[in-house]
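Visitor: I would like to understand how the words used for a structure are earned from its numbers. Could you take me through some of them, one step at a time?

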Amino acid sequence: MGHIATSFPERTDGFPEGADGLAAAGEDAVHLARGLLRRDSTNHGGGQGDEREAAEYVAEALGDAGLDPLLLESAPRRANVVVRVPGTDPSAPALLVHGHLDVVPADAAGWTLPPFAGEVADCPVTGVPALWGRGAVDMKNTIATVTAVVRHWARHGLRPRRDIVLAFVADEEDSAAYGADYLVREHAELFEGCTTAIGEGGGETIHARTASGEPVRLYPVGAAERGSAWLNLRAQGTAGHGSRPPRDNAIGALAAALARIDGYEWPLHLTPVTRAAIDAIAAALEVERFPGDTATAEAVDALVASLGTAAPLIGPTTRNSATPTMFSAGYKVNVVPGEATAGVDGRVLPGAEEQFAAVMEELTGDRVTWEYAHGSPPVSAPVDSPAFAELREALLLHDPGAHVVPVCLSGGTDAKVFSRLGIDCYGFSPLAQPEGLDYSGLLHGVDERVPLEGLRFGVRALDTFLRA
């Protein structure tokens, strides 16, 4: 296991001010983020990925801080980095900080700047300096800020109160089989004592407005996630000549099922975290939650529609969802195929797993079979915990007057895997953003970029929380 070099003096009285303080750590975060972006760690899915160079880079950066990180390959070039930073209180529960090294593919032809060059240029929307590249917000930025904080502690002889385990992993953008899942299956002992975790899925600035037009800054913190239910659908029929169509055409049966899935209106399902999100966001924006305080589907939809830029924090997580994404059948236009297949991306809320399966049985009907190609359970953590309070305090210390709100994430992260160890997982990757920058649109999008000041803010907020 990694360790802080014993030659470091053990100080816990805070950082020095001035150029040698957190300002220097902020610049280190920019430097580290640029280095990570320049190391292509594209995950093409299906086992085709290579995180080794990025893992070696961050491991070397942690080694410079006096740590001894483990570099663990689950398969050739599928690399993970794990290290434990010992705290001053061995009786305190440990904290896991996880992030992923892999990124989704990027077609350079559509980008303003090369996606793996790590260049700094002004953002065309806000005019502020930004670091451009695939992974700038998902999520090499956070790996850089966490690493910069730990390096800063080493330079100034500081240690956190509790043990902190850093896990920078492979394969989050696909199945996690080569990353978090591998670590939990094969190296669970590395996370001994961890009761709380932070990872991606929250902590960024969302600029919104009250009903009267007053500006409001929201910081969502992920306290739950919908589960993933990626499905394979299959229909069988009679193969034959296109001029003599059979009554049991596989394409027709599957297409009809997909049309039913696509058009289905899922019933309202409000989890405790989403209810807490509604309460907090409605209060911050000074809007009435529901007429008569009755959370009907119509009332919730009307509320979401009134929230403007804050609507995506609630809207996708009030229901399960199932989205047809793939269809395959046939090999020649005048030949009726005997089989048709399709893929559906399902997302399942905590407590709504049985509902999802029952609805899919109904919508697919007698002619179509379905099975899980990949599944991960929904997860939830308490919003009234000391950990959540510490996350809130860390953000408000560096942005007074803002509002920190719990949310359920519509997508998925490695929290689903680490929660199997009994760890309460929160989405907390602090990032200050200027108004006008569409954070959610940058995720997996073209011209992904992060404001330099956002990275510096992340260093300050993470330092506060990690030393809590």
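Guide: Let us begin with a cysteine in this predicted model: cysteine 194 has a relative accessibility of 7%, and because buried means under 20%, cysteine 194 counts as buried.

Visitor: What makes cysteine 425 buried or exposed?

Guide: The relative accessible area of cysteine 425 is 11%, and since the cut-off for buried is under 20%, cysteine 425 is buried.

Visitor: Why is there no bond from the sulfur of cysteine 194 to the closest cysteine sulfur?

Guide: A disulfide is a covalent bond between the sulfur atoms of two cysteines. The closest cysteine sulfur to that of cysteine 194 belongs to cysteine 425 and lies 9.8 Å away, whereas a disulfide needs the two sulfur atoms within 2.5 Å, so the pair is too far apart for a bond. Cysteine 425 is likewise in no disulfide, and a search of the whole structure finds 0 of them.

Visitor: How do you know whether helix H1 is roughly parallel or antiparallel to helix H2?

Guide: The axes of H1 (residues 22–37) and H2 (residues 52–63) come within 9 Å and cross at roughly 155 degrees. Angles over 145 count as roughly antiparallel, and therefore H1 is roughly antiparallel to H2. The crossing in which H1 passes H2 is right-handed.

Visitor: Which residues make the contact of H1 with H2, and how are they divided by class?

Guide: On the H1 side they are His31, Leu32, Gly35 and Leu36, and on the H2 side Ala54, Tyr57 and Ala61. Sorted by class, the contact has 5 nonpolar, 2 polar and no charged residues.

Note on methods. Residues are numbered from 1 along each chain as its sequence is written. This is a predicted model: local features need pLDDT of at least 70, side-chain atom pairs count only at pLDDT 80 or more; totals for chains, interfaces and linings use all residues. Side-chain values use heavy atoms; hydrogens and water are left out. Axes are lines fitted to C-alpha atoms, for helices over the stretch in contact, and angles run from 0 to 180 degrees between N-to-C directions. Helices (H or I, at least four residues) and strands (E, at least two) are DSSP runs, numbered from the N terminus. Angles under 35 degrees count as roughly parallel, over 145 as roughly antiparallel, 65 to 115 as roughly perpendicular and the rest as oblique. A crossing is left-handed if the near helix is turned anticlockwise from the far one by less than a right angle, and right-handed if clockwise. Contact means heavy atoms within 4.5 Å. Ala, Val, Leu, Ile, Met, Phe, Trp, Tyr, Cys and Pro count as nonpolar, Asp, Glu, Lys and Arg as charged, and the others, Gly among them, as polar. Buried means under 20% relative accessible area, exposed over 50%, partly exposed in between (1.4 Å probe, protein chains only).
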